[in-house]
Amino acid sequence: MKARSDPMKSIAWVTDSTCTIDPEFARDHHIYIVPLRLVFGDECYKETIDITNDEVYQKLALHAKAGSSQPPIGEFVELYESLKDKYDEIIAIHCSSKLSGTYENSMQAAEMAEATVVGIDSNVGAFPLREMILKGVELQQQGHSALEIKEEIQNMIDHMEFFLIPANLQQLHRSGRVSGTQLVISNLLKIHLIIRFDKGKIIVQDKIRTFKKAKQKLMDYMKVDVEKMKGICIMHANNIVEAKEIEKEIAVTSPHLKIEIMTFIPVVGILAGEGTIGLSWINKYTK
């Protein structure tokens, strides 16, 4: 997509706390981040605002009941009311609508606020969502419109890969994202599941006996695409030791690859468990 000569329009970005965007970058680039809620028993916290990663895992150890919820619609309405007359265009991009009601709430709120919004369901969260927003900001600075930016981001969505080895299936089962049968089999046979984002849904990609073999399977998936990717992100839920081990393995087999280690957003730690490991990348594409 070539840079345009048209005057650059002012664009506000609306997203949620699964985006992992640096707060300072967000302030400098008109990115408004609405936090998801984390729930421990009767306590409710705004993700990344009211609670730190360390505190999340401390509370997970103390509370049998933990979960998450989308931001209230009123919070979006108030935000859109404040943005609609300040910017030429608004882009809203959120975590997968198959896993959270955040995108739906955001779009409904835009209608209630009578704000014209270009909505994008990222089908994901965390690293890929961040990369989509960063690319979008870059295109905005080149003079592209919100609709043109959406088209390019859709290409990224279509070429994104995201795999997880969850440490704990209990919360995924309670949230309806993993079936009871899969949970029972995993617990009885000590099987590790590899799950994958597929068109916004979580699917079970593999069932593997040992963590070592599951990790190797992740590496195998990476190797299939390694010539098509610019970089890769290793994500972890309070498991930096394992993340660094994977980083070493990738550096040996693919020394040309840019490798990033990212701490998972708290909501992933709650749903997939402390110790969860993930790999994600976006393949190069041509139109």
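**Contacts, cores and pockets**

Me: Which residues does Phe162 touch?

Reply: Beyond residues up to four places away in sequence, Phe162 touches Val124, Gly125, Ala126, Pro128, Ile195, Arg196, Phe197, Met235, Phe264, Leu279 and Ser280. Each counts because contact means heavy atoms within 4.5 Å. The model is predicted, so local features need pLDDT of at least 70 and side-chain atom pairs 80 or more, while totals for chains, interfaces and linings use all residues. Residues are numbered from 1 along each chain as its sequence is written, and side-chain values use heavy atoms, without hydrogens and water.

Me: What makes a set of residues a nonpolar core?

Reply: Its members are buried Ala, Val, Leu, Ile, Met, Phe, Trp, Tyr and Cys residues joined through side-chain atoms within 4.5 Å; buried means under 20% relative accessible area (1.4 Å probe, protein chains only). The largest core has 50 residues, of which Trp13, Ile133 and Phe162 touch the most other members. α5 gives the most to this core, seven residues; helices are DSSP runs (H or I, at least four residues), numbered from the N terminus.

Me: Why is the space lined by Glu131 and Met156 called a pocket?

Reply: A pocket is an open set of points on a 1 Å grid over the protein atoms alone, with protein on both sides within 12 Å along at least five of seven lines, and lining residues have an atom within 4 Å of a point. The largest pocket has 18 such residues, Glu131 and Met156 being among those nearest its centre. α5 supplies six, the largest share.

Me: How many residues of this lining are charged?

Reply: Nine are charged, seven nonpolar and two polar, because Asp, Glu, Lys and Arg count as charged, Ala, Val, Leu, Ile, Met, Phe, Trp, Tyr, Cys and Pro as nonpolar, and the others as polar.

Technical notes: On a 1 Å grid over the protein atoms alone, a cavity is a set of points where a 1.4 Å probe fits but cannot get out, and a pocket is an open set with protein on both sides within 12 Å along at least five of seven lines; lining residues have an atom within 4 Å of a point. Helices (H or I, at least four residues) and strands (E, at least two) are DSSP runs, numbered from the N terminus.
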